[in-house]
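This report describes how the chains of one model meet, chain by chain and strand by strand. Please read it with the sequence and the structure at hand.

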Amino acid sequence: MPVDQRRINGPEVSVPYHIYSDFDEKSDKVKHDFSKRSDKRTNSEMRKIFLKIGIVSQAKGSAYIEMGNTKVVCSVFDPRELSNKNGYCTQGEIYCEFKFAPFSCQKRKIHQQNAEEKQYSLILQRTLEPAVCLHEFPNFQVDVYVMVLDNAGSSLAAAIMAASTALANAGVPMFGLVTASTIGIYGNHYLMDPTDTEEAICNTQPDKEDDFNHGIITLASLPQHNQISEVFLIGSIDTNTIKQATEMLTAANKDICPVLQQCLVKTIMKLHNEKK
Amino acid sequence: MAETVLSSGEKIFILHGIDADFRNDGRRRCEYRSMEIETKLMPQTHGSARLHIGNTDILVGIKVELDVPHADKPNEGKLEFFVDCSATATPAFEGKGGDDLATEISNVLTAAYQTRNAFDLKTLCILPHKKCWKIYVDVLILQCGGNLFDAVGIAVKAALNSTEIPKITAATLDGGEPDIELSDDSYDCIQLDTSNYPIIITLCKIGDNYIVDPTLEEEMCSTSSIVMSMLPNGKISSVVKLGYGSIQFNTFTKMLQMGEIIGLRLNKTLMDVLKEENQFGRQRRIFGFLK
Amino acid sequence: MIEAENIEDQNGLRPDGRRALELRQIRVKMGVFGQADGSAYIEQGNTKILVTVYGPHQPRGSTGRNTSNISKGIVNCQYSMAVFSLSSGERKRKPRGDRKSQERSLQLKHAMEAIIHLEIYPRSQIDIYVEALQVDGSEYCASVNGATLALIDAGIPIKNYAIGCTVTLINNPSLEDEDNTLEKGVLDANYVEECTPGVTLSVVALPNNDSTSKDGLIVVAQGAGQRLHLSQFESLKARVLYGCQDIRSILDHAVREYLTEQSLPSLFHVALN
């Protein structure tokens, strides 16, 4: 990795202080109890969504989404022609960049994309490609930049929804909106829209339990067409649980779709009323 | 990936063949091509494997080093994957051309092995907070003939199976500093327990059906594919969807189920073959690339 | 760095039991990969190299935009080492892109430009990719040998075999005068012998066809290690050309055997003795 000349990073051997505090809570031997969640939600309840469009004035389209404490902003820029393409492509391209802001997670992230962020960028691209009419802008590339300002769980799902709304706001021709949600699985508990502590717990397995389902599933779908656009699963789960979880997620995605639609309609109405 | 250019007539031909459950090379939708595996062919590494499926050729080398554990995970060792797409596969991989594909494969591998069910990092710990083993899994992709993820998954599992970590006879804290003694006999080593390591299966959706082990031409006809990594105890440790198309929910569930059945069968065959190879012992003649 | 204590053994034998002018065992396989236009795998002792050739095809990328050489073809080489290839135990961080690999790519390009008839491929590019799987001394020369074989497998006409061989002069002052065959340089050193204080000369030559004359054209020569005095250069040169001649006959035999296997029985069936 090239040396970053413009920034002064902390000393290389520094570690965050969190690892030395609350040591007992982080122990894997404890099996966590999820009969009630810390923010008083039920297991199948999603956090409230706040969505605002057109917040970045320099971008063609932009969106800002808040799901609980998770805050994500996305901007979409005009299609630009690719200069080094040697050959005419009948389809356009989407280029996505996903980045956690350095202050967004518990452990500070560096300014360059690490492997996880590169993976999320690719996932974001694959999620948006089925929704966008790529044949409408052949030989052009649309740039989508997503930045997570505060990671409090299910940031990938929030990013997908922000990107899809921003694309719609930018006027990029689309087949439909993309909605996404996350579910955390821990034993027999299905936690919809987990917070970051719940995500961290779902990524671990308590000691001495071999046949234990744990993991996180992110599902993105096109609810208006009943299609799944992207699946991302990490953990150790058996197929029946996956089937049940994806059913719950598809239903949740369908429920979220009107939120995105109303937000877009409100923005158009406001512009229309201002013009009068 | 490679430079195959398919005409629309060829694509329709492949599509109709798959509808009729009869692919270009005569296989059915759920059949793999024949594979050749050889392990321990690189004597300078701690473990190695070479896998050959059709036109796909993968070489995996494992190196083991002593390292200091992470501060927030003092009881665990480290496992690092590195994938290199060599230019021998296609000229497009020259220089940094193959980096995108390499990152994707390495991410899939990391996701597959991150659960403790698959690989327990606590077995690699020597002295908590001070010393642990770090395993470098280096994958070299020599030829791309379709179905890279599956081939890499199998090769990595075979290589880890053949890995010999030197045995530590004494590990003490000498006044705060770790003091490690390795066994004098270079053949005295511990093997990893690979019984629950994941197998990666790619299911490629072409038209209305899905196939396993696609060739390069078949991959170009598909709109989307699911890459899932299955643990032999029936659990799935990671699922990713590739490709620019979307799938229906029912298709997704059916693909997962088919992947599970095939994965279990593939894993059993692989472990049987590796056990058979082990029985030859140290007198086995190593062919490497000469055959 | 490996400390070499007794490189000079009794009876003029090296630590691995070879004499001064003896080469390591060479094993060759051509046509390893079906997808590449030409490929070859060569083992010289423990050094294992895989070479593939793609071409001739239309120039791509940055080399293609340079239109000054319309009359001749372009040779593009890349030398890459596998991350686990080092015999000495450490793991290499990056397979290619470091200075040594780039320098070797350039030297390989020079060597190949000497043997390929570039005038018959105007506006075309030939790619040669070398992947070093295990490295135990004289890897550059093994890659030149492998590249020659891969070009033959690809069916690209070449002027002559380009054969690489190393000769190492070991500066051990405690050597007795009686047995000084080793003092004039040893052929085909492995990694341990290359690490000893001394100079290693890698030479790529186009050996003459007849086995009587021990001359040949030297195409590339590079040295590594300490300084070499000019008085010792001639004897080293003679030794290395002798080594190149030997390697040539081995590779020639391997090529003829491979082509005979592949071809149908015909008038061109070559007797293998």
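## Strands within chain C

In chain C, β4(C) and β5(C) pair in the parallel sense, and 8 bridges are found between them. One residue pair locates this register: C:Met81 has C:Ala132 of β5(C) as its bridge partner. The model is a predicted one, and every value given here is computed from it.

β5(C) also pairs with β3(C), here in the antiparallel sense and again through 8 bridges. In this pairing, C:Lys48 is bridged to C:Gln134 of β5(C). The strand that takes part in these pairings is mostly covered, since 10 of the 10 residues of β5(C) are buried.

## The interface of chain C and chain B

The contact between these two chains involves 35 residues of chain C and 37 residues of chain B. The area buried between chain C and chain B comes to about 3,000 Å², and carbon and sulfur atoms contribute 55% of it. On the side of chain C, the residues that lose the most area to chain B are C:Gln35, C:Phe84 and C:Arg91, which together make up 26% of what that side buries.

Between chain C and chain B, 2 salt bridges are counted, one of which joins the side chains of C:Arg96 and B:Asp84 with an N to O distance of 3.0 Å. The polar contacts across this interface amount to 16 residue pairs, with both residues at pLDDT 80 or more. The elements that give two or more residues to the side of chain C touching chain B are β1 (26-30), β2 (38-44), β3 (47-57), β4 (74-81) and β5 (125-134) of chain C, so named that the strands β3(C), β4(C) and β5(C) described above are included among them. By class, this side of chain C has 14 nonpolar, 10 polar and 11 charged residues.

## The interface of chain A and chain B

Chain B also meets chain A, in a contact that takes 38 residues from chain A and 32 residues from chain B. About 3,100 Å² is buried between chain A and chain B, with 53% of this area coming from carbon and sulfur atoms. Of the area that chain A buries against chain B, 18% is supplied by A:Arg126, A:Ile228 and A:Thr239, which is more than any other three residues give.

A:Arg126 also takes part in a salt bridge, in which its side chain meets that of B:Glu104 at 3.3 Å, N to O; 2 salt bridges are found across the interface of chain A and chain B. The count of polar contacts between these chains is 14 residue pairs, both residues being at pLDDT 80 or more. At least two residues each are supplied to the side of chain A that touches chain B by α1 (115-128), β9 (214-222), β10 (227-238) and α4 (239-275) of chain A, and the largest share, 12 residues, comes from β10(A). The residues of this side of chain A divide into 15 nonpolar, 12 polar and 11 charged.

## A strand pairing between chains

The pairing of strands extends from chain A to chain B, for β10(A) and strand β14 (residues 235-243) of chain B pair in the antiparallel sense over 5 bridges. Within this pairing, the bridge partner of A:Ile234 in β14(B) is B:Ser238. β10(A) is thus described twice over, as the element giving the largest share of the chain A side that touches chain B and as a strand bridged to β14(B).

Methods
Residues numbered from 1 in each chain as written. Chains lettered and ligands numbered in written order. Predicted model: local features only at pLDDT ≥ 70, side-chain atom pairs only at ≥ 80, totals over all residues. Heavy atoms only, no water. Contact = heavy atoms within 4.5 Å. Buried area = accessible area lost by both parts, 1.4 Å probe. Salt bridge = Lys/Arg side-chain N within 4 Å of Asp/Glu carboxyl O. Polar contact = N/O pair within 3.5 Å; in protein donor to acceptor, adjacent residues only side chain to side chain. Helix = DSSP H or I, 4+ residues; strand = E, 2+ residues; numbered from the N terminus. Nonpolar A, V, L, I, M, F, W, Y, C, P; charged D, E, K, R; others polar. Buried < 20%, exposed > 50% of the residue type's maximum accessible area, 1.4 Å probe, protein only. Pairing = 2+ DSSP bridges.
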